[in-house]
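Hi everyone, thanks for coming. Please have a look at the structure on the screen, and I'll walk you through a few things in it.

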Amino acid sequence: MLNVKVLSGSMIAVLLAIGSYLTLISVPGSAVAPGGANKLGEAAKTAQKTPAASLTISDRTIGAAKVGMTFGQLKKALGSTAQFKVESPFMVDFDSVAVSRSGKVQYRIIYAAGTKLKDTDVIELLMTDNPNYKTVQGVGPGMTLKQAEAIYGQATLSYNVDNEMREGVVFAKQPTRNIMFVPKAEGKQFAGVYGAGEGGFYQTNKYQTNAVIRSVMVRN
């Protein structure tokens, strides 16, 4: 994760702080596979069935929510079937609007803490920890890192002490870097097993045996 200070109220800074670390992680042979699912080989067959469009995570969408659309457009698309709840604070530096159906949170719109998400504001960051949502290859919240590696290739986990020690994981053959995976290991501070870092940046290909994907983010 980049050593970037979050500027309150700036969505550009929010995206840099959470997302652009992906371009720094060094993964041997980690070129993003062109063509997505068609290049993932036989390993993709281990994934669950392709989710319905309403439950799909893509490089632009989580279900009906799409980065680049306004909050008002999402409200109109979902109609009266959805409920919206502001969560403030949600985590350090960020607030969210939780989008629910039938009392179950489907996904969240993440934005800078200390600001208010207006209907005219453009959605730039989405997150879900709902296991019903998956990529077209079947990867989503709740899946073990070992299972995800069978589909997307070697996992590289990392965190930066200057970015609230938020841990992320990328896979060598994941079809897009606009989708970000957040890992966890129950009972452990980190999902990764780290050695010495450099300049506050830590990176590893080793992880706890119970490591899973906690949540998935999609950025603009």
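**A short tour of the chain**

Let's start with one residue: T135 sits in strand β8, which covers residues 134–135. One thing to keep in mind as we go is that this is a predicted model.

Is T135 buried or exposed? Its relative accessibility is 2%, and since buried means under 20%, T135 counts as buried. And which residues does T135 touch, leaving aside those up to four places away in sequence? They are P51, I57, Y152 and I179.

Now let's step back to the whole chain. Its secondary structure comes to 3 helices and 13 strands. Of the 220 residues in the chain, 49% are buried. If you take the contacts with a separation of 6 or more, 62% of them are between residues 24 or more positions apart. On the outside, the chain exposes about 10,500 Å², and carbon and sulfur atoms supply 52% of that area.

What about the inside? The largest nonpolar core has 40 residues. Within this core, the residues with the most contacts are L74, I109, F171 and F181. Several elements give two or more residues to the core, including helix α2 (71–78) and strands β5, β6 and β13 (212–219). Which element gives the most? That is α3, with 4 residues. Apart from this core lies another one, of 7 residues, and F94, L125, M127 and M180 are among them.

Next, some backbone details that you can find on the screen. Look for strand β4, residues 83–91, where P89 has its place. The peptide bond joining S88 and P89 is cis, with omega at about 0°.

Then there are two residues with a positive phi, and I'll take them in turn. S102 is not a glycine, yet its phi is positive, at about 50°. You'll find S102 in the loop between β5 (94–101) and β6 (104–112). With 78% relative accessibility, S102 counts as exposed, because exposed means over 50%.

The other residue is M165, also not a glycine, with a positive phi of about 55°. Where is M165 found? Its place is the loop between β9 (155–160) and β10 (168–171). The relative accessible area of M165 is 33%, so this residue is partly exposed.

To wrap up, try finding three residues yourself: T135, which is buried, M165, which is partly exposed, and S102, which is exposed. Thanks for listening!

Notes. Residues are numbered from 1 along each chain as its sequence is written. This is a predicted model: local features need pLDDT of at least 70, side-chain atom pairs count only at pLDDT 80 or more; totals for chains, interfaces and linings use all residues. Side-chain values use heavy atoms; hydrogens and water are left out. Buried means under 20% relative accessible area, exposed over 50%, partly exposed in between (1.4 Å probe, protein chains only). Contact means heavy atoms within 4.5 Å. Accessible areas come from the Shrake-Rupley method with a 1.4 Å probe; for residues, only the protein chains shown count as cover. A nonpolar core is a set of buried Ala, Val, Leu, Ile, Met, Phe, Trp, Tyr and Cys residues joined through side-chain atoms within 4.5 Å.
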